[in-house]
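Please look through the structure below with an eye to how parts of a chain that lie apart in sequence are brought together.

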Amino acid sequence: MAVRSRSPAPRRPRRSDAALQHRRPHHSPRDRTTQLVRILGIETSCDETSAAVVSSEGGVATLESLVILSQDVHAIFGGVVPELASRAHVQAIAPVVDRALDEAGVRVRGLDGIAVTSAPGLVGALLVGVMYGKTLAWSLDLPLIGVHHLEGHLFAATIEDPTVAPPFVALLVSGGHTMLLDVPAWGQYRLLGQTIDDAAGEAFDKVAKLLGLGYPGGPHIERLARNGRAGRFKFPRPMLREMDRPGPQQYAFSFSGLKTAVLRAVQQSRDIDADRADLALAFQDAALDVLVEKTAHAVDSLRYGTVVLGGGVACNQALAERMRARVAPARVAVASPRLNTDNAAMIAAAGAWRLERGERSGWDLEPRDALPLPGLSLSLRAETTA
């Protein structure tokens, strides 16, 4: 994608912070419940530069455009290099945003707000999106909404299926996060459990490297596992026994031991080429069993009728299939792969929901590498044992 040069914008008179905080958005909170709002979303938390336009009316989001530019350079290093990611975002952000607006047939003056990922992620990468979004919102006198990346993943499934709504159990699985949530209502999130070491996606990447596969590892392992022979290797299912013991470990995840077991199997293999597919299948089976069983236990405990899968690992078809079979008759809502990987559409959808509630961020919005979900609380089980 070509990067177009731009002449510097003329400087504007500086206004006081007090004046900025009291400027009103285009619609009052009452108007937003009955009028359509159009949001530009910006996502730069890691190694995808993405922009999208989403329109929303009464909480129902409609995707008008989505542009995602992935940074292939990181495959050379087997992982994301933060400095390279930041530089790539700087070069790509303007043309990516322009492309999203063009595909939606919208001019910047036709927007009602700017939603941008502000946390968590790589600080340098986030900074590019936050500063671009903040500058654009300032210049257009539009509301700015900082969006938590994980909340975006929760909203991803609603873009393709507007019937997805709380209460539900959510399993967020990506390269940086593995988290099981009770979502009784939008904006209210109870943490049931999360990983105590590697995230699920990180484990897939590391095991793929052990097997001599490419980066990111998830798609490579899934494809290879389809040709694997079941039963040749048996790996542990970490922390499954803790499900029957109420406490902070009941819904916790751990993948470091599983990764070590694969390492030992690779080291002991006499013909890694012959064993590679079988190892991939055995690892995937073990990892998915843990994710599915812990989620199913939460569904049974809470008696919810819906499970939402989000994050890059949710693109794994075997995970969705096993989850559907295990939690039936509860339904499993999972977005298409394009909306499950990091993208600006989910950020725009979450931002639209908050804007329609009358929320907006201040001009002091800053990127954060780590930040709890807004409205997040510990589960009752964790509170009594923490």
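The paragraphs that follow go from the chain as a whole to one helix residue and then to the aromatic rings.

The model is a predicted one. Its chain comprises 13 helices and 11 strands, and of its 386 residues 53% are buried. Among contacts between residues at least 6 apart in sequence, 75% join residues at least 24 apart, while the exposed area of the chain comes to about 17,400 Å², of which carbon and sulfur atoms supply 51%.

Alanine 344 offers a local view of such contacts. This residue lies in helix H12, which covers residues 344–356, and it is buried, with a relative accessible area of 0%. In sequence alanine 344 and glycine 41 are 303 residues apart, yet their C-alpha atoms are 5.0 Å apart in space; beyond its sequence neighbours up to four places away, alanine 344 touches residues including Ile42, Ser50 and Leu66.

The aromatic pairs number 7. In one of them, tryptophan 138 and tryptophan 363 meet edge-to-face, at 5.9 Å centre to centre and with 80° between the planes. Because tryptophan 138 belongs to helix H4 and tryptophan 363 to the loop between H12 and strand S11, this pair ties together parts 225 residues apart in sequence. Phenylalanine 155 and tryptophan 186, by contrast, form a stacked pair, because their ring planes stand at 20°, with the centres 4.1 Å apart. Here the link runs from helix H5 to the loop between strand S7 and strand S8, 31 residues apart, and both residues are buried. Ring pairs also join Phe155 and Trp186 with Phe168 and Trp353 in a cluster.

Methods: Residues numbered from 1 in each chain as written. Predicted model: local features only at pLDDT ≥ 70, side-chain atom pairs only at ≥ 80, totals over all residues. Heavy atoms only, no water. Helix = DSSP H or I, 4+ residues; strand = E, 2+ residues; numbered from the N terminus. Buried < 20%, exposed > 50% of the residue type's maximum accessible area, 1.4 Å probe, protein only. Contact = heavy atoms within 4.5 Å. Areas by Shrake-Rupley, 256 points an atom, 1.4 Å probe, with all protein chains shown as cover. Phe/Tyr/Trp six-rings, centres within 6.5 Å; stacked < 30°, edge-to-face > 60°.
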